[in-house]
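Got the viewer open? Load the structure and follow along, one selection at a time.

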Amino acid sequence: MEDEDCPDLIPIDSGGAGGAQAGASARIPVTIITGYLGAGKTTLLNYILTEQHSKRIAVILNEFGEGSALEKSLAISQGGELYEEWLELRNGCLCCSVKDNGVKAIENLMQKRGKFDYILLETTGLADPGAVASMFWVDSELGSDIYLDGIVSVVDAKYGLQHLTEEKPEGLINEASRQVALADLIIINKTDLVSGEELNKIRTSVRSINGFVKIIETQRSRVDLSNVLDLHAFDSLSGVSLQKRLQHVRTTHAHLDKGIITVTFEVLGNIIEESLNLFIQNLLWEKNVKDKTGCTMDVIRLKGLVSIQGKSHQVIVQGVHELYDLEETSVSWKEDEKRTNRLVLIGRNLDKEILKEVFIATVTGKQGNS
Ligand SMILES: Nc1nc2c(ncn2[C@@H]2O[C@H](COP(=O)(O)OP(=O)(O)OP(=O)(O)O)[C@@H](O)[C@H]2O)c(=O)[nH]1
Ligand SMILES: [Zn+2]
């Protein structure tokens with residue numbers, strides 16, 4: 001694709017929404033909106049932009065489909081010049097329609113900092129949101145300007161089950177399952193098109209894949225914005241709430257063929273940081289942790305709170321595909337509190353007992369190499 005810059009922004013007469021001061025130094029949150037073709041992503045963005053909120057949101061449509069309301073309104077206001085064009089919308093929001101390179105668009109957008117305080121990025125329906133999310137982690141220059149706030153996945157209530165069960169050649173994971181596995185929030189949309197029974201089915205299937213995620217059901221993607229924005233799903237600010245949420249996660253059972261499931265386990269005590277790294281790297285990089293039948297465990301998403309020897313605060317573990325990091329939270333272990341390590345893994349061929357054994361063996365060094 002051509003290496004074109006976004007044209008300059010249309011100047012915004014500040015509509016009172018807080019501030020220039022927010023622009024200069026604060027890092028800007030990015031929420032990734034993903035979901036299968038036609039699930040309702042653009043409808044969600046459109047809804048967010050037109051709802052009352054105090055934020056100035058920059059929206060990046062990493063795709064240009066036909067027919068959605070937002071896209072139509074852009075077409076009208078811009079007379080057909082749509083690609084990589086920043087537009088001013090209501091509420092002082094900005095919108096950019098790009099093809100393929102959302103990160104490039106964000107880089108361009110960052111040159112206009114101070115004019116917005118939130119970024120929403122819509123991925124294409126067939127995208128792997130993990131790949132998009134990874135870019136924010138790997139690109140440290142980008143990482144100093146923005147942070148990944150959360151991954152929101154829209155699921156079609158009517159066709160979602162079909163998307164999730166679709167077989168891929170050679171046992172590849174289908175995009176729809178991956179989008180559910182990676183999400184911090186799932187919006188099951190188009191509930192008007194299904195019966196209560198069908199809705200139960202899709203909800204159960206989503207839950208069987210991702211035992212951690214919050215699920216909301218909507219029509220026309222109408223959702224309370226506080227459920228979507230400022231999730232802090234990836235940073236240490238989520239420490240306290242993460243602790244509560246992790247405690248309620250339960251290991252799920254494969255519901256769909258070759259299903260992705262969620263596994264969670266808890267191990268008491270302090271662990272050494274290097275051995276935790278070893279455990280995670282064996283799992284994510286070496287891929288030498290196997291299930292009973294000898295299949296490689298394939299972890300898509302990893303979350304946890306651990307107790308590292310010598311650290312007074314809880315440490316959060318975050319992983320997306322091969323990338324992971326550890327970050328100390330602001331939550332300290334209390335004196336009378338049992339130090340524990342709780343991990344949640346979402347992926348394929350996961351076996352809870354084996355994972356727990358390998359974890360214990362690795363972090364306590366009780367059995368040699370795993
Ligand atoms: N019946 C019904 N239709 C909906 C609902 N939400 C969205 N739609 C329609 O579904 C179609 C697809 O919605 P979009 O928001 O464009 O979906 P998308 O995920 O952005 O689609 P792509 O960008 O093409 O992947 C549009 O015609 C919407 O009007 C809903 O809750 N119920
Ligand atoms: Zn769309």
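How many residues are in the chain, and what percentage of them is buried? Buried residues make up 54% of the 370 in this predicted model. Show the whole chain as a cartoon to start: there are 12 helices and 13 strands. Switch on a surface and you're looking at about 17000 Å² exposed, with carbon and sulfur atoms supplying 48% of it.

Next, select residues 260-363, which an unreviewed UniProt entry marks as "domain: CobW C-terminal". This span is 25% helix and 43% strand, and its end C-alpha atoms sit 26 Å apart.

Now for salt bridges; the whole structure has 11. Pick R301 and D184, whose closest N and O atoms are 2.9 Å apart. R301 lies in strand β10 and D184 in the loop between α8 and β7, so this pair ties together parts 117 residues apart in sequence. Both residues are buried. Add K303 to the selection, and you have a salt-bridge network of D184, R301 and K303.

Move on to K287 and E322, another salt bridge, with 3.5 Å between the closest N and O atoms. K287 is in the loop between α11 and β10, while E322 is in the loop between β11 and β12. K287 is partly exposed at 29% relative accessible area, and E322 is partly exposed at 43%.

Last stop: K292 and D351, bridged at 2.9 Å, N to O. They are 59 residues apart, with D351 in the loop between β13 and α12. Which partner is exposed and which is buried? K292 is exposed, at 71%, whereas D351 is buried, at 13%.

How values were computed:
Residues numbered from 1 in each chain as written. Chains lettered and ligands numbered in written order. Predicted model: local features only at pLDDT ≥ 70, side-chain atom pairs only at ≥ 80, totals over all residues. Heavy atoms only, no water. UniProt positions renumbered as here; feature names shortened; annotations may be inferred. Helix = DSSP H or I, 4+ residues; strand = E, 2+ residues; numbered from the N terminus. Buried < 20%, exposed > 50% of the residue type's maximum accessible area, 1.4 Å probe, protein only. Areas by Shrake-Rupley, 256 points an atom, 1.4 Å probe, with all protein chains shown as cover. Salt bridge = Lys/Arg side-chain N within 4 Å of Asp/Glu carboxyl O.
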